[in-house]
Amino acid sequence: MARFLPPESFGAATEDLSLLPFNFERAGAKQYLVANLVGDFIRLTEDELTRLVDLRIRPGDGLYEKAYAAHLVSGVSQNAQRQLLAARLRSRMSFLQQMTPLHIFVVTLRCEHSCPYCQVSRQSTDRSRYDMSEETAMRALDIAFASPAARIKIEFQGGEPLLNFPLIRTIVTAAKARSGKQVDFVIASNLALLDDAVLSFCKANNILLSTSLDGPADLHNKNRPRPGANSHELAVAGIQRAKEVLGPDRVGALMTTTEASLNRVDDIIDEYLRLGLDGIFLRPLSPFGFAIKTKQFAKYDAKNWLAFYERGLRRVLKINRQGTPFREFYAALLLTRMLSDRPIGYVDLRSPAGAGLGALVYNYDGSVFASDEGRMLAETGDDAFRLGHVEHDSYNSLILSDKLIGAISSSLTQCAPECSTCVYESHCGADPVYHHATQGDALGIKPLSAFCARQKGIMGLLLDILENSPEDAAILRRWAAA
Ligand code: SF4
């Protein structure tokens with residue numbers, strides 16, 4: 001009797017292979033981009049894809065090994081591949097274990113700026129009508145503390161939240177006096193009203209500042225008018241002062257792309273570098289509030305924006321190649337999804353959508369919304385994402401409201417037409433508020449969606465750089481690992 005089995009006994013059986021779930025799309029002549037269940041990408045020729053789908057693959061033919069390594073096939077009776085995919089999927093979706101970690105308090109709708117792209121339809125007068133009351137704030141705090149997340153972030157927004165700074169003080173003090181949760185605080189401010197009292201309160205309470213910076217003075221002031229035409233001067237002074245007092249990593253800035261920004265991406269990035277900021281978030285205009293009324297939103301399309309974004313990303317990569325670490329934050333978020341299984345709870349890049357499950361918004365008048373964009377819609381008369389009111393709702397009644405469940409369940413990318421078969425699905429997000437705002441339907445028709453066009457464009461660009469530009473790919477991989 002032979003002491004060893006013949007060599008063929010050690011090869012995998014081929015007759016009982018089965019396909020694992022994957023999506024694919026044509027990527028050039030007879031080339032396909034294929035993504036497995038958790039979004040690992042692989043490129044196959046048309047012949048390879050056909051052989052794979054027909055299961056005409058054998059050990060040693062190269063494609064068999066490629067398909068196994070990419071988790072595209074498994075033995076019918078083998079559980080290891082499926083268990084591995086399930087574990088990875090569970091890790092990717094584990095943001096769902098931290099329900100509603102973000103709570104946005106709109107402490108006033110008043111603002112001293114008059115930005116034409118403003119998404120919140122700010123008001124300039126009537127403190128009594130547009131400021132949140134202490135009673136409303138305390139009820140909102142009750143709801144925030146009833147959410148399951150062990151660590152929550154309270155973000156103060158407006159209008160300009162520093163116009164109601166006394167209420168911010170009251171809410172921070174009250175939140176810190178409560179037990180049971182770790183609480184982080186952020187004030188989203190244009191910094192025009194930043195003074196030493198605000199800064200010392202922020203320092204004492206470890207509060208982050210987030211501001212708007214659209215680029216150099218001429219561009220920023222054009223986008224963000226205020227009396228005195230000095231928005232840029234005040235924002236820059238505020239950033240520098242906040243960095244000195246709070247620390248270099250305790251203030252961040254966001255930009256919004258207007259039509260006037262489209263040819264200025266180098267200038268915008270240079271301004272962020274000049275101020276010592278560690279990166280930039282290249283953001284398109286959102287279709288809400290005054291951005292719709294003033295038609296700012298319609299002034300450029302997804303194609304214009306993608307060209308702007310690509311120029312910006314390539315410039316940021318060049319800055320890194322020259323030795324200065326500097327990130328483009330949206331790419332960093334997407335790369336974390338594309339190159340790792342770390343959960344990303346970023347509200348616009350997840351399915352189930354972040355509306356309500358990721359964030360609740362307490363408006364100045366006590367209305368509660370599923371997202372910041374939802375309250376922006378309401379300011380222009382559309383209450384589709386108004387979930388209730390702090391006076392007569394609880395956390396549970398808001399989260400289990402038919403409105404929220406309907407919006408989330410009808411927008412899942414995992415089963416939405418177009419998304420469910422999209423090669424980028426694992427890394428994309430359901431954005432029911434955006435699609436409701438632009439198409440009147442939370443699910444949306446994705447081939448007509450600028451959100452979808454931007455997502456496909458950016459992920460395609462990132463893949464191209466990862467595959468074809470080794471030096472830049474190393475930089476992108478570092479962003480994903482950070
Ligand atoms: S929105 Fe577009 S890019 Fe995103 S999953 Fe759906 S079809 Fe794909």
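**Note on the predicted model: sheets, helix packing, cores and aromatic pairs**

1. The model, which is predicted, contains an open sheet of 8 strands in the order S10-S9-S8-S7-S6-S13-S14-S15, and the pairing in this sheet is mixed. Its edges are strand S10 (251-254) and strand S15 (386-389); each has a single partner strand, so one side of each is left without a neighbour in the sheet. On average, neighbouring strands here are turned by 25° against each other, direction ignored.

2. Within this sheet, strand S6 (residues 102-106) pairs with strand S7 (residues 151-157) in the parallel sense, over 5 bridges. Histidine 103 has isoleucine 154 of S7 as its bridge partner. Helix H14 (residues 372-379) lies across S6, S7, strand S13 (359-362) and strand S14 (367-369), and runs at about 130° to S14.

3. At the S10 edge, S9 and S10 pair in the parallel sense over 4 bridges. Serine 210 is bridged to glycine 252 in S10. The two faces of S10 can be told apart: Val251 and Ala253 form a covered face, Gly252 and Leu254 an uncovered one.

4. Threonine 211 belongs to strand S9 (residues 208-212). Is threonine 211 buried or exposed? Its relative accessibility is 3%, so threonine 211 counts as buried. Neighbours within four places in sequence left aside, the contacts of threonine 211 are Ser189, Asn190, Leu191, Ile239, Gly252, Ala253 and Leu254. Of the residues named for the two faces of S10, Ala253 is on the covered face and Gly252 and Leu254 are on the uncovered one.

5. Helix H10 (residues 265-274) has Val265, Ile268, Ile269, Glu271 and Tyr272 buried. These residues cover an arc of only 155° around the axis, which puts them on the same side of H10. What do the buried residues of H10 pack against? Their partners are helix H8 (217-223), helix H9 (231-246), S10, strand S11 (279-280) and helix H12 (302-321). After H10 comes glycine 276, with a positive phi near 75°.

6. There is also an open sheet of 3 strands, ordered S2-S3-S4, in which the pairing is antiparallel. Strand S2 (22-26) and strand S4 (41-45) are the edge strands, each pairing on one side only. The average turn between neighbouring strands of this sheet is 30°, direction ignored. Helix H1 (residues 46-53) packs on the sheet and touches S2, S3 and S4; the direction of H1 makes about 100° with that of S4.

7. S2 pairs with strand S3 (residues 31-36) in the antiparallel sense over 5 bridges. Opposite phenylalanine 22 stands asparagine 36 in S3. Phenylalanine 22 is also part of an aromatic cluster, which is formed by Phe22, Phe24 and Tyr32.

8. The largest nonpolar core has 121 residues, and its members with the most contacts to other members are Phe105, Phe156, Leu209, Tyr362 and Trp479. Tryptophan 479, leaving aside its neighbours within four places in sequence, is in contact with Leu313, Val316, Leu317, Asn320, Phe326, Arg327, Glu328, Ala331, Ala332, Leu335 and Thr336. Another core, of 16 residues, lies apart from the largest one and has Leu17, Ile42, Leu44 and Leu72 among its members. In soluble globular proteins, nonpolar side chains tend to be buried together.

9. Aromatic pairs number 12 by the rule used here. In one of them, the ring centres of phenylalanine 165 and phenylalanine 201 are 5.6 Å apart and the planes stand at 90°, so the pair is edge-to-face. Phenylalanine 165 lies in helix H6 (residues 165-177) and phenylalanine 201 in helix H7 (residues 196-204), so the pair ties together parts 36 residues apart in sequence. Both phenylalanine 165 and phenylalanine 201 are buried.

10. Tyrosine 434 and phenylalanine 451 form a tilted aromatic pair, with 6.1 Å from centre to centre and 45° between the planes. This pair links distant parts of the chain, 17 residues apart: tyrosine 434 is in helix H17 (residues 432-439) and phenylalanine 451 in helix H18 (residues 450-468). Tyrosine 434 is buried at a relative accessible area of 6%, and phenylalanine 451, at 8% relative accessibility, counts as buried too.

Methods: Residues numbered from 1 in each chain as written. Predicted model: local features only at pLDDT ≥ 70, side-chain atom pairs only at ≥ 80, totals over all residues. Heavy atoms only, no water. Pairing = 2+ DSSP bridges. Axes fitted to C-alpha atoms, helices over the stretch in contact; angles between N-to-C directions. Contact = heavy atoms within 4.5 Å. Buried < 20%, exposed > 50% of the residue type's maximum accessible area, 1.4 Å probe, protein only. Arc of directions from axis to C-beta. Core = buried A, V, L, I, M, F, W, Y, C linked by side-chain atoms within 4.5 Å. Phe/Tyr/Trp six-rings, centres within 6.5 Å; stacked < 30°, edge-to-face > 60°.
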